[in-house]
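Student: Please take a close look at one part of this model, the salt bridges towards the end of the chain. Then place that part within the rest of the structure.

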Amino acid sequence: MDTSRIPGFYNMTVQERLEVLSRLHGLQDEDIENLIIDSSLDVGTADKMIENVIGTFELPLGLGLNFLINGKEYVIPMAIEEASVVASASHIAKIVRNAGGFTTESTERVMIGQIQVVGCSDFILAKEEILQNKSVLLEAANNAYPSIVSRGGGAEDLDVRILNEGSDSVYSQMLIIHLYINTCDAMGANMINTMVESIAPLVEEITKGKVYLRILSNYADRCLAKARCVISPELLQTGDFSGEEVRDGVIHAYQFAASDPYRAVTHNKGIMNGIDPIVIATGNDWRAVEAGAHAYAARNGQYSSMTNWFKDENGNLVGELELPMSVGTVGGATRVHPLAKFSLDLLGVKSAKELAEVIVAVGLAQNLGALKALATDGIQKGHMALHSRSVAIAAGATGEMIDIIAQELIKEKQIRVGKAKELVEQYKK
Ligand code: MEV
């Protein structure tokens, strides 16, 4: 899309938003049908995706606006049940765009397949033999999945470690082979698992051991994406808080998370609030991304903040987020789920690398949104306004009644379903 700035979008009806999107992005009738009229995922397709299907399960799909990343405009599809997340991401993206936008970078998309070998009579010799047969093993792995080689990827390297060498227990001594596979634009789970399974017999022959596990690692630390933003303090001024106060509050909040796992978990959950909704909306495996992200947050031996916030020599607030980001733009559900296809198209990403970079930029924005609120007014003020609408709906409010009841709950400072039910009854009389 040419712009991610759509002033007043939050105040429009769903119909008006779709009209704007149609103008800016050219929605097809089918897209609109998928978005609002019917279930986006027909039950027949769902039945082919998983087992024992009895229906489909919907989530709200909202748009994160105002994102400027490496000079390009992005509208961010976010599938999430939690109020405030989309609003907060859009609010911070607006501040960051005024500071020049996010910048991002990423590594090559190399994923890891693991093979566990046990029962070798000489583990050191077995390790040497595997290294000597590296090219044979890589060739065998690539022969098992030739299409990735023709796309410019495939198994590129391998290494071997001995775990628990000299241990008394035969169960704990093992040889672990890592196969490094460039998965190009795919997340690559099937490809990786096919490759490691296919070379397992060869590995047994070479090591004279027994192979047990053959599976990808979700700790994708060779598939990293990084986002950065630099914000001058005047852009951070909020209510009675000066920009410098907000900046310092964010840095203090970061230091808390950096030093204390109890805080780091919540801090990082807030980052995943931004990341998971795009991963879900684009049909990617959010459990894989979650697992890898949290492991990366503990890479220095203590679970810590995923982000880093500091003040540069000019007094600007600088934020950085680097995470493993094993997502794809092809394969899996990305091209099966109609709204995943739509989301990728709306994002306008050309590659998995670009998608990964956009995702970490949104994670960084989400973290700043939470820290800025926590270091100033607290999150309840903003949260409650939105939460009150969910409470009103839970109490049976529909249509225009929802906002009326929600506002009354806020006014009376009683955001409870019981109170909302009373108001709904009164409204209906
Ligand atoms: C709520 O979903 C996320 C926050 O708790 C994140 C944080 O505390 O940084 C607000």
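Tutor: A salt bridge here is a side-chain nitrogen of Lys or Arg within 4 Å of a carboxyl oxygen of Asp or Glu. The model is predicted, and every distance below is computed from it. By that criterion, the side chains of Lys419 and Glu412 form a salt bridge, with N and O 3.1 Å apart. Glu412, Lys419 and Glu422 are joined into one network by salt bridges that share partners. How exposed or buried are the two residues of the 3.1 Å pair? Lys419 has a relative accessible area of 11%, and the limit for buried is under 20%, so Lys419 is buried. Glu412 has 30%, so Glu412 is classed as partly exposed.

Another bridge joins Lys411 and Glu408, where the closest N and O atoms are 3.8 Å apart. Both residues belong to helix α15, which spans residues 401–411. Because Lys411 and Glu408 are 3 residues apart in that helix, about one helical turn separates them. Lys411 is exposed, at 65% relative accessible area, while Glu408 is partly exposed, at 25%.

For the wider count, 11 salt bridges are found in the whole structure. One that joins distant parts of the chain is the pair Lys72 and Glu354, with 2.8 Å from N to O. Lys72 sits in strand β2 and Glu354 in helix α13 (residues 352–374), with their positions 282 residues apart in the chain. Their exposure classes are as follows: Lys72 is partly exposed at 29% relative accessibility, and Glu354 is buried at 16%.

Next, the overall frame. The chain has 429 residues, of which 48% count as buried. Its secondary structure comprises 16 helices and 10 strands, and the C-alpha atoms occupy a box of roughly 80 × 55 × 45 Å along the principal axes. The domain assignment divides the chain into domain 1 (9–106 + 224–377), domain 2 (110–217) and domain 3 (382–428). Domain 1 is thus written as two segments of the chain. The centres of domain 2 and domain 3, taken over C-alpha atoms, are 57 Å apart.

Some charged residues form a surface patch. Glu234, Asp240, Glu244 and Glu245 make up a negative patch. Patch members have no salt bridge by definition, so these four acidic residues are to be read apart from the bridges described above. Glu234 lies in the loop between β8 (224–231) and α9 (243–259). With 61% relative accessibility, Glu234 counts as exposed.

There is also a nonpolar surface patch, formed by Val14, Ile36 and Ile37 with about 280 Å² of accessible area together. Ile37 belongs to helix α2 (residues 29–37). Ile37 has 63% relative accessibility, and the limit for exposed is over 50%, so Ile37 is classed as exposed. In helix α1 (residues 14–25) is Arg17, which is partly exposed with a relative accessible area of 25%. The C-alpha atoms of Arg17 and Asp31 are 13 Å apart, and the two residues are 14 residues apart along the chain.

Two backbone details complete the picture. Asn52 is not a glycine, yet has a positive phi of about 55°. Asn52 is located in the loop between α3 (43–49) and β1 (61–69), and with a relative accessible area of 75% it is exposed. Ser84, also not a glycine, has a positive phi of about 85°. The loop that holds Ser84 runs between β2 (72–79) and α4 (85–98). At 16% relative accessible area, Ser84 is buried, whereas Asn52 is exposed.

To return to the part you asked about: Glu412, Lys419 and Glu422 form one salt-bridge network, and Lys411 pairs with Glu408 within helix α15.

How values were computed: Residues numbered from 1 in each chain as written. Predicted model: local features only at pLDDT ≥ 70, side-chain atom pairs only at ≥ 80, totals over all residues. Heavy atoms only, no water. Patch = residues over 30% accessible without salt bridge, like charges linked within 9 Å, V, L, I, M, F, W, Y side chains within 5 Å. Areas by Shrake-Rupley, 256 points an atom, 1.4 Å probe, with all protein chains shown as cover. Lys, Arg positive; Asp, Glu negative; His and termini not counted. Charge placed at Lys NZ, Arg CZ, Asp CG, Glu CD. Helix = DSSP H or I, 4+ residues; strand = E, 2+ residues; numbered from the N terminus. Buried < 20%, exposed > 50% of the residue type's maximum accessible area, 1.4 Å probe, protein only. Domains from an automatic or database assignment.
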